[in-house]
Amino acid sequence: MVANPLTKNIDMSRPPLDIAAYEANDGYQSLHAIAKGLSPDDVLELVKGSGLKGRGGAGFPTGLKWSFVPKGENSPAQKYLVVNADEMEPGTFKDRLLMEGDPHLLLEGMIIAAYTIQASKSYIFLRGEYTVSEKVLRNAIKEAYEKGYLGKNILGTGFDLDIIMHTSAGRYICGEETALLNALEGKRANPRAKPPFPQVSGLWGKPTIVNNVETICNLPGILTYGVDWYHGLTKGNDHGTKLFGVSGKVKTPGCWELPLGLPIRELLENYAGGMQDGLELKGFLPGGGSTDFMLPEHLDIALDYDEIAKVGSRLATGTMIVLDDRTCPVGMVGNLMKFFAHESCGFCTPCRDGLPWVDQIFRDFENGQGSEKDLQILHDHVTYLGPGRTFCALAPGATAPLGSGLKYFKEDFEKHITEKRCSYKH
Amino acid sequence: MSQQVIASTAKKARKLSAPEIAEIEHEMTLYPDKKAVGLEALKIVQKHQGWVSDESLLGIAKYLDIPVADLEGVATFFNLVYRQQVGKNVILFCDSVSCWIMGCEGIKGHIKEQLAIDYGETTEDGDFTLIPVPCLGDCDRAPVMMVGPDLHRNLTPEKIDSIIADYKNK
Amino acid sequence: MAKIVIDGVEYEVNPDNNLLQECLSQGLDLPYFCWHPSMGSVGACRQCAVKQYRDADDKEGMLVMACMTPVTDGAIISIEDEGAKSFRSDVVESLMISHPHDCPVCEEGGECHLQDMTLMSGHNYRRYDKKKRTHRNQYLGPFINHEMNRCITCYRCVRYYGDYAGGTDLSAQASHHHVYFGRHEEGVLESEFSGNLVEVCPTGVFTDKAFSENYSRKWDLQTAPSVCVGCSVGCNTAPGERYGSLRRIVNRYNSEVNGYFLCDRGRFGFDFVNNRDRLLEPVQRVDNTGELLADDQVKAVIKEFAASGTIGIGSPRASNESNFALRAMVGEENYYAGYSDAEHESMQVILGLASDASFHSPSVREIESADAVLILGEDVTNVAPRIALALRQSVRNKAKELADESRIPQWQDAAVRELAQHERSPLSILSPAVSRLDDVASDRVIESLPNVVAMGYQIANKISSSAPSAGASSENDEVIEKIAAQLKAAKRPLIIAGNSNGGDVIKAAANIARALHDESGKSVIDLCLLVPEVNSVGMGLMANSANSLGIALEKLASGEAKRVVVLENDLYRRAAKGQVDAALSKAEKVLVLDQLPSATTANADVILPATAFSEHEATYINYEGRAQLSFQVHQCQKQAQPSWRWICDAKHVDDLVERCCSEAPGFSRLREVLPGENPFVAGMKVPRQSHRYSGRTAMTANVSVHEPKQMEDEESIMSFSMEGMPAQKDASVHASSWAPKWNSNQSISKFQDEVNGELKQGHVGCLLIEREDSSDSYFEPAVDSIEPSAKQLRLVYSYQIFGSDELSARSKPIQARMTDAYIGLSPEDAEDRGLRQGDVATINPLGAPVVVCIRTGIKAGTALLHCGDGKISPADFSGLIEVEKSAAQSTIRGIGNLIVSDFQEEEISS
Ligand SMILES: Cc1cc2nc3c(=O)[nH]c(=O)nc-3n(C[C@H](O)[C@H](O)[C@H](O)COP(=O)(O)O)c2cc1C
Ligand code: SF4
Ligand code: FES
């Protein structure tokens, strides 16, 4: 049986499979199952049963999310599926691989998802800088239309679906699903208040599902090979495989599809090849720039949503950023703070005005001008920008590396103050 | 019913070109609301003109009959809509965390030396504009940057030199 | 009702609201910025955080934004919780990091919501020691200053200006902590409601430009509750005076009328009071110069005029008291209407309908709740601006309905808008030219005036077959059908018309309302009939239906009447020049009472200076028939007096009101607007000056070191001093809002029985006109049989918010937005006559020069005439005109200030 459903077709040294080759390798099987009578509710049950959790960061169960979409006669006729391909979280490079490597997998997944919620229109919200993904996807979409997998009355099911490519104009906040909807509507990409959730009132006020690229790419496997197979893929409590990446000063940085539940150490040592010669691991962010630092002592923890949460961090995107002992942790957090401050949409006060202050303080630290008072202000901002206080999760995301950095690398911060310089700089 | 998108202005709208209009019209078929096409139109015009001048902004607003103030609000929100003239090649330089760990500051210093420009600036010959960009999603091959639509990975000072030379010759 | 516990105390609250609104309704202090009582919540500022607890055992609680949290029965919250308090103080700290701290030179100082909230939140020590972010400011026109550095990014300005008022030229720009609120480039803010930004902005970003130039702190202004004299809506205002000059006008909350908002005419049109040309002394013309009159001379003159053979001409812009005094002086049969004959005629129709029990004239608030509206023939934005703003809210009722269906609370502003997208309640507009409400109109028909009238009759006929139809069916049948169906289906339909262009539209509108009444089984139908001036209705009630101005002028010209008293009126704006000339030259003696010189005062033998609205206490009657009392704000200049005081011997406004009640039919309830039996709190008057009023003893020390005696106000319950019981909740009148900790206008919630509710003082005025019985007869359509020749155009008057009103047109800020008289033509009609944009043309038969204004949204065959500031008189023209190019030079202002959506621009090549 297939053990790497997400990447089985991917070989970056050649162009991605065309539709024929993709089909030859079990591709678009799910559509034929649907054509044979699998109803939207059947698919929903399968996806619920699979236990698939969103891969966009928050890990929300996908089937459950879909079940909130209003159904039946009285529900709005137009519903939308939106694929979140905005991938801008620092240190995250997984969706790009899927889109450039196997575009039809994404399209097949989209058709399944759209069919389930009965959305006749679907947008791929692609970050504008992903020019290769755009080209590859546009070509695949064309192929799918030609094959009759997109368009009107797909495979005689009576179900219509158009997939529209939207390339963004660059803002991290567009990855936040409600800000994304505003961006798609041509508005300033401020997030929206929840409730109402997009499932009820989303794009142009219509029921909308937003899913991450990787989430969607899990669907063809679930329909083709079944829920039991899917459950068998994992080593831990969560189901399926996941893309895991490692960046930073390791020997072989990269991105791999691995079972959920693998110990972190295995990822770091077996796949990323361990630290570069002469460097020691000082800490790491397990799932992108808005997760909390973990330490070498956490290496034996499993890559599993709940396990990682137990030590105060999040699996999130599964792309790990490694901090070595010769790189300044204060500088690293500072770099993230600059990012978050710049990418704040400017809607709510704590994030808009709090993060630039934090950023300024880090710049001062960098220049040897940090003070105890500033350190206190940083601590205060960890609470101030935390969950429930800001309008969306961007600022709380920023507090993850900030808070954990202050906690784990306290001495480094203090050294910057006492030595009035960054001692990592030569 | 036509919106009342009158806004007195000292500047005159630029009439959009036929290819620009054709592309905008195509986008109109993909979105149920013309406001959504505003952002698309900004990108289209930028593709043709290199950037979005005040005159172009007014031109789009007029063509779509949407308020120019709203369109400006959108144009100035997004990182990749240029409301100032940029050079022939825009360098989007990633300085986010993984690239930073992998030494992008040195690479940036090198670019700065070679082209004599800092962030937000354009070379005197108009060939290059340097702009920072958040994480380009290629962290396993950091440091990375884009020049125009092309991605360049595992940057070193030497690589920078040859990239600059390549684009200069284009 | 729901019960919730706030800091251990149980409250009964409305479950349809959010926690913030309910906390404020209960009189509690909870800081906020982005929420606004009339605009709902968006949750941007995070200032209103409170702790909410799951149950009595939950000691931790969770921070929630009160404005974004629905009230649920049994909820337990805390405002005083330390965590919530410190978060709120952190929010203000954030907001202040780049704030310039320029309170001493800021126009908002002392009435700044940001100052109040900063204090209330407990942030008092500045820790931020980095560089501040700075912005550039924009020129935004003659009304509004822009100081972006003071911005705290609450998004209220754009939510008000765009979402609420429909303006399109102000937006949020840029992002992160560079967010900027401005136009896309410098220029005049186009919305007719831009002035409200001054009050909506919680700090000093948008301030009142005219006020800034002549600035005084809020507490140094002498204020009193007043009524705007700009149009017939009668919005409630709080004018402020210092050193004898009127400095500014701000909104005064009235739950039924203007709520929180004014239009720009109302806010910026008061400056005529300070005009240098004010008439301030009684003068008599001797040969060609003026001679001051001594008191006894004045008495003699009045005596002379009190003799028989005198007629009086009233004024729709003067108070009931002055009109009544004139009527009493000359006798009912010699008192004549002071508006044009056309208006007089249409007013008779309006007054007839006003007492018909089938109809109801809706207040501004009621207009907001209409769910299907038809505007017949009128340009509401220019004639009764505040009503246009209300109509913009009425079209949102559909959105609210959809929100209810989706169980989204109505106060979730952004979510409701998102859900509804472009879905609006129907608003149909039928008129000869585009209007500034077209962007929210569901159907928009541009037709000649006679066709608009005919369509009105047809709609009535479609609704009820017993209503007579007019005209043959036309290409508009489908719209007619649709509008009829929409009105029929509505829960609260509303028909609006006005008398800017005669009474035919009004009759058609009334037929529609009557048809709805007959068919729908609703006991009353909202019929809103607009008139142009603050007291058009009051004077209309006062004058006998036979006593039109035309007859008065004829009597003078024929010698039948010898003398005339003209009350606050420029007759040259009301009747043809020849007619007025003939009358005034023939009259033996002409007495004019007015505030400013006019063509009429130029022909007067005696001029008596009249006080302006802010200098006297008076009552006015608005378009609904609502009588309202307006207090004197400051002392009159020199010898000006309320007109009534010159011509009758009443001591007191109250006396006249009493007499009016018993002597003038229709006025019997007027006394209800007076402060009640016992208006005093602890026997004290209500001070016009705040308790912080500074410099009282020294204000005039440059003239004399002796402190002048405080002027006493014998007439009213207010005092010209700081003594008394200030505007707290017990006071019987409420001018300048202030409550402990709340120095800004946001303190208003302390005076409302609940947020958005009635004021505790309860002064919403009094509906004067009794609706007794219902006539069930329809108007028969009058066929307009006059067919224009090829050269002729059908004339329609175009009323303009800036310029058409006689008094506000004498105010400097308004003048900066006015145009010259112009003739609006369709491109076809202009081309036929060889006219280009900005040419000067003459209108025949009278040859008046006007600027040509080519607009694409005018029905061909119709010419829109704007009369400018009195240079040409609407009464000079009637019906059909010819327009031709003139060699004359263009005039002072041109038409550059005109803001219309259909102005034809020369095509720009790329
Ligand atoms: C600031 C911010 C940025 C985000 N960026 C992304 C992103 O780039 N891609 C993504 O899939 N989800 C992103 N998310 C998460 C989305 O809001 C959303 O949860 C996700 O797309 C849901 O998809 P899933 O259920 O398939 O995980 C972001 C969230 C926040 C708060
Ligand atoms: S936390 Fe607030 S300012 Fe920051 S991105 Fe979210 S909504 Fe915008
Ligand atoms: S008032 Fe509640 S968040 Fe602004």
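The following exercises, each with a worked solution, concern a predicted model.

Residues are numbered from 1 along each chain as its sequence is written, while chains are lettered from A and ligands numbered from 1 in the order of writing. Because the model is predicted, local features need pLDDT of at least 70 and side-chain atom pairs count only at pLDDT 80 or more, whereas totals for chains, interfaces and linings use all residues; side-chain values use heavy atoms, with hydrogens and water left out.

**Exercise 1. The surroundings of ligand 1**

Describe the shell of residues around ligand 1 and the polar contacts of its oxygen atoms.

*Solution.*

Step 1. A residue is taken to be near a molecule if one of its heavy atoms lies within 4 Å of it. Ligand 1 is surrounded by 18 residues, of which G56(A), N84(A), N211(A), N212(A) and T215(A) are the closest.

Step 2. The shell is sorted by class: Ala, Val, Leu, Ile, Met, Phe, Trp, Tyr, Cys and Pro count as nonpolar, Asp, Glu, Lys and Arg as charged, and the others, Gly among them, as polar. The shell around ligand 1 then has 5 nonpolar, 7 polar and 6 charged residues.

Step 3. Helices (H or I, at least four residues) and strands (E, at least two) are DSSP runs, numbered from the N terminus. Strand 4 of chain A, residues 208-212, gives the most to this shell, with 3 residues.

Step 4. A polar contact is a pair of N or O atoms within 3.5 Å. An oxygen atom of ligand 1 lies 2.6 Å from an N or O atom in the side chain of T215(A), and an oxygen atom of the ligand lies 2.9 Å from such an atom in the side chain of N84(A). In the case of E177(A), a polar backbone atom is 3.0 Å from an oxygen atom of ligand 1.

Step 5. On its own, ligand 1 has 610 Å² of accessible area (Shrake-Rupley method, 1.4 Å probe). The protein covers 90% of this area.

**Exercise 2. The surroundings of ligand 2**

Which residues come nearest to ligand 2, and how many residues of each class does its shell have?

*Solution.*

Step 1. There are 13 residues around ligand 2, and C345(A), F347(A), C348(A), C351(A) and C392(A) come nearest.

Step 2. The shell around ligand 2 has 10 nonpolar and 3 polar residues, and no charged residues.

**Exercise 3. Two domains of chain A**

Divide chain A into domains and describe how domain 2 meets domain 3.

*Solution.*

Step 1. Domain bounds come from an automatic or database domain assignment. For chain A, the assignment gives domain 1 (19-232), domain 2 (241-324) and domain 3 (329-419).

Step 2. Taken over C-alpha atoms, the centres of domain 2 and domain 3 of chain A are separated by 23 Å.

Step 3. Contact means heavy atoms within 4.5 Å. In chain A, 12 residues of domain 2 are in contact with 14 residues of domain 3.

Step 4. Buried area is the accessible area (1.4 Å probe) that two parts lose on being put together, summed over both. Between domain 2 and domain 3 of chain A it is about 1000 Å², and carbon and sulfur atoms give 77% of it. K282(A), F293(A) and L323(A) supply 47% of the area that domain 2 buries against domain 3, more than any other three residues.

**Exercise 4. The interface of chain C and chain A**

How many residues does the contact take from each of chain C and chain A, and what area do the two chains bury?

*Solution.*

Step 1. Chain C contributes 36 residues to the contact and chain A contributes 40 residues.

Step 2. The two chains bury about 3100 Å² between them, with 53% of it on carbon and sulfur atoms.

Step 3. On the side of chain C, R127(C), K130(C) and H176(C) lose the most area to chain A, together 21% of what that side buries.

**Exercise 5. Backbone features of chain A**

Which peptide bonds leading to P195(A) and P196(A) are cis, and where does Y28(A) lie?

*Solution.*

Step 1. The peptide bond from K194(A) to P195(A) is cis, with omega near -5 degrees. The bond from P195(A) to P196(A) is cis, with omega near 0 degrees.

Step 2. P195(A) lies in the loop between helix 8 (177-184) and strand 4 of chain A.

Step 3. Y28(A) lies in the loop between helix 1 (19-24) and helix 2 (29-35) of chain A. Its phi is near 55 degrees, a positive value in a residue other than glycine.

Terms used. Polar contact = N/O pair within 3.5 Å; in protein donor to acceptor, adjacent residues only side chain to side chain.
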